[in-house]
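Trainee: Got a minute? I'd like to go through this structure with you.
Mentor: Sure. Put it up and ask away.

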Amino acid sequence: MKKARQICALIGVILLVALYASTLVFALIDSADAFAMLKISIYATVIIPVLIWAMGMIARLLKKKYSLDETESIESKKDQK
């Protein structure tokens with residue numbers, strides 16, 4: 001699990017660096033299409049980290065919930081014996 005989290009974190013870092021670089025490139029290009037791509041790049045630069053944070057938070061909450069459910073089921077099985 002730790003290895004998978006490290007790989008996902010590395011992919012996220014690479015994606016963010018690529019977004020920052022593309023934002024800079026689109027800001028320097030003087031074209032109508034570049035302006036539209038600049039807006040999209042800025043939007044993605046804000047939204048993607050928020051989505052990554054939200055998915056991580058949901059994963060932690062679900063992990064806690066399922067670990068509590070398993071603990072409760074194990075304890076209830078012990079109580080039944």
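Trainee: How much of the protein counts as buried?
Mentor: Of its 81 residues, 12% count as buried. Keep in mind that this is a predicted model.

Trainee: And the surface? What does the accessible area come to?
Mentor: About 7100 Å². Carbon and sulfur atoms account for 71% of that.

Trainee: How many helices and strands are there?
Mentor: Two helices and zero strands. Helix α1 covers residues 2-28, and helix α2 covers residues 32-80.

Trainee: Let's pick a residue. Is T23 buried or exposed?
Mentor: Buried. T23 has 17% relative accessibility, and the cut-off for buried is under 20%. T23 sits in helix α1.

Trainee: Which residues does T23 touch, leaving aside neighbours within four places in sequence?
Mentor: L38, S41, I42 and T45. With S41 there is also a polar contact between the side chains, at 2.5 Å.

Trainee: You mentioned T45. Where is that one?
Mentor: T45 is in helix α2. Its relative accessibility is 15%, so T45 counts as buried.

Trainee: What does T45 touch, not counting residues up to four places away?
Mentor: L19, Y20 and T23. So the T23 contact shows up from this side as well.Trainee: What about A34, buried or exposed?
Mentor: Buried, with a relative accessible area of 3%. A34 belongs to helix α2. Beyond its neighbours within four places in sequence, A34 is in contact with F26 and I29.

Trainee: How are A34 and T23 placed?
Mentor: They are eleven residues apart along the chain. Their C-alpha atoms are separated by 9.6 Å.

Trainee: Switching topic to pockets. How much space lies in the largest pocket?
Mentor: About 610 Å³. Both α1 and α2 give two or more residues to the lining of the largest pocket.

Trainee: Which residues lie nearest the centre of the largest pocket?
Mentor: R5, C8, M55, G56 and A59. The lining has 15 residues.

Trainee: What classes make up that lining?
Mentor: Ten nonpolar, two polar and three charged residues.

Trainee: How does anyone find empty space like that?
Mentor: A probe the size of a water molecule is rolled over the atoms, and that shows where empty space is left.

Key: Residues are numbered from 1 along each chain as its sequence is written. This is a predicted model: local features need pLDDT of at least 70, side-chain atom pairs count only at pLDDT 80 or more; totals for chains, interfaces and linings use all residues. Side-chain values use heavy atoms; hydrogens and water are left out. Helices (H or I, at least four residues) and strands (E, at least two) are DSSP runs, numbered from the N terminus. Buried means under 20% relative accessible area, exposed over 50%, partly exposed in between (1.4 Å probe, protein chains only). Contact means heavy atoms within 4.5 Å. A polar contact is a pair of N or O atoms within 3.5 Å; within protein, one must be able to donate a hydrogen and the other to accept it, and residues adjacent in sequence count only if both atoms are side-chain atoms. Accessible areas come from the Shrake-Rupley method with a 1.4 Å probe; for residues, only the protein chains shown count as cover. On a 1 Å grid over the protein atoms alone, a cavity is a set of points where a 1.4 Å probe fits but cannot get out, and a pocket is an open set with protein on both sides within 12 Å along at least five of seven lines; lining residues have an atom within 4 Å of a point. Grid points are joined across faces, edges and corners, and a volume is the space filled by probe spheres set on the points. Ala, Val, Leu, Ile, Met, Phe, Trp, Tyr, Cys and Pro count as nonpolar, Asp, Glu, Lys and Arg as charged, and the others, Gly among them, as polar.
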